[in-house]
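Notebook open. I wanted to look up a helix, a strand and the surroundings of the ligand, and jot down what turned up.

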Amino acid sequence: MVEIIFPGKIRKQYQFLKLTRLNVSGNLKNKRDKCLIFRQEVTEMIECQNISVTYNNGVQALKKINLRIKGPTIMGIIGPNGSGKSTLLKAILGMIQLTGEVSINGVSSKKMLKKVAYVAQKTLIDLSFPITVKECVALGTISNVGLFKTIRKGEWKKVEEALEVVGLKEQQERQINALSGGQFQRVLIARCLVQDAEYLFLDEPFVGVDMVSENIIVKILKDLKESGKTILIVHHDLSKVEDYFDQLVMLNNKMIAVGKTSDVFNTNNLKRTYGEKIFIDGGE
Ligand SMILES: Nc1ncnc2c1ncn2[C@@H]1O[C@H](COP(=O)(O)OP(=O)(O)OP(=O)(O)O)[C@@H](O)[C@H]1O
């Protein structure tokens with residue numbers, strides 16, 4: 001949502017913009033000083049229309065997925081192995097070929113990548129790369145600063161603040177390969193924080209993460225949601241679903257269910273997503 005305040009006298013010049021007049025402030029002394037408050041309606045939404053993905057090996061990972069995600073929210077994506085969870089994130093990010101349409105705020109998602117911070121599955125990240133914690137977090141500023149440009153003082157300040165938030169300021173000079181799994185995941189979250197993206201896509205952020213780090217990350221994500229961000233998380237642990245997610249996507253290559261977690265996370269949908277076997281050993 002963008003709010004713009006225009007002095008009344010220049011109002012006409014801006015009428016070509018598709019702005020909705022909402023309010024005229026009443027207590028100003030003269031007409032010239034009067035300000036009009038306009039509100040530009042921007043749909044803060046991710047929309048997938050009928051998307052299907054078939055990889056080169058013939059595997060159809062996603063079949064006709066329709067999804068509207070209206071933020072701010074924390075949305076979980078669950079489903080069995082190979083059900084297309086990671087593919088869904090990549091499809092929204094425009095990283096893979098698909099049929100159908102994906103948009104973010106009404107614009108093709110490829111044009112909106114600056115607004116999205118993405119953390120891939122940990123197994124896909126090269127931990128042996130010789131880089132310190134601080135430098136790794138600073139990589140998040142590249143979309144704002146630009147590749148090959150020097151990171152400004154203000155950006156380093158942001159890096160420091162982000163490390164403070166994730167509780168790793170003291171480890172900032174450490175090499176990333178000397179961190180625990182949980183600490184490293186917190187570094188990746190700090191990198192998202194400095195990117196200042198509107199949308200966060202996290203693929204299995206809690207795998208190999210200790211409980212302390214998991215709790216810190218969850219708290220940060222909930223705070224980010226409160227500040228207006230939309231967060232998508234691919235997730236495995238069903239015991240945490242109700243605590244962590246406002247909304248849920250249940251996938252098995254096709255969309256099984258989507259909606260408020262309290263509405264869709266039930267036995268019937270779990271069986272449709274994972275198969276009957278899911279309840280044999282553990283009970284409900
Ligand atoms: N690059 C690729 N080339 C070919 N097939 C792929 C590729 N990536 C994924 N697949 C296949 O697409 C299907 C969906 O994969 P995806 O990784 O999206 O599932 P997932 O639900 O995230 O799985 P997991 O829980 O195991 O991480 C699987 O059958 C997988 O083998």
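I started with helix α1 (residues 85–92): 8 of its 8 residues are buried, so I noted it as mostly covered. This is a predicted model, which I kept in mind throughout. By name, the buried residues of α1 are K85, S86, T87, L88, L89, K90, A91 and I92. I then checked what comes after the helix. G94 follows α1, and its phi is positive, near 75°.

Next entry: the ligand. Which residues sit around the ligand? I got Y55, N57, V59, A61, G79, N81, G82, S83, G84, K85, S86 and T87. I also asked which element gives the most to that shell. That is α1, with 3 residues. K85, S86 and T87 appear in the list around the ligand, and these three are also buried in α1. Sorting the shell by class, I found 8 polar, 3 nonpolar and 1 charged residues.

Then I went to strand β6, residues 73–78. Is β6 enclosed or open? I found 5 of its 6 residues buried, so the rest of the structure largely encloses this strand.

Last, I looked up the pairing of β6. With strand β11 (residues 230–234), β6 forms 5 bridges in the parallel sense. T73 has T230 as its bridge partner in β11. Strand β12 (residues 247–252) also runs parallel to β6, joined to it by 4 bridges. Here I noted I78, whose bridge partner in β12 is M250. So much for β6; G79 turns up again in my list around the ligand.

Note on methods: Residues are numbered from 1 along each chain as its sequence is written. This is a predicted model: local features need pLDDT of at least 70, side-chain atom pairs count only at pLDDT 80 or more; totals for chains, interfaces and linings use all residues. A residue is buried if 20 or more other C-beta atoms lie within 10 Å of its own, exposed if 12 or fewer, and partly exposed in between; C-beta atoms are placed from the backbone. Helices (H or I, at least four residues) and strands (E, at least two) are DSSP runs, numbered from the N terminus. Two strands pair if DSSP finds at least two bridges between them. A residue is near a molecule or strand if its C-beta atom, placed from the backbone, lies within 6 Å of it. Ala, Val, Leu, Ile, Met, Phe, Trp, Tyr, Cys and Pro count as nonpolar, Asp, Glu, Lys and Arg as charged, and the others, Gly among them, as polar.
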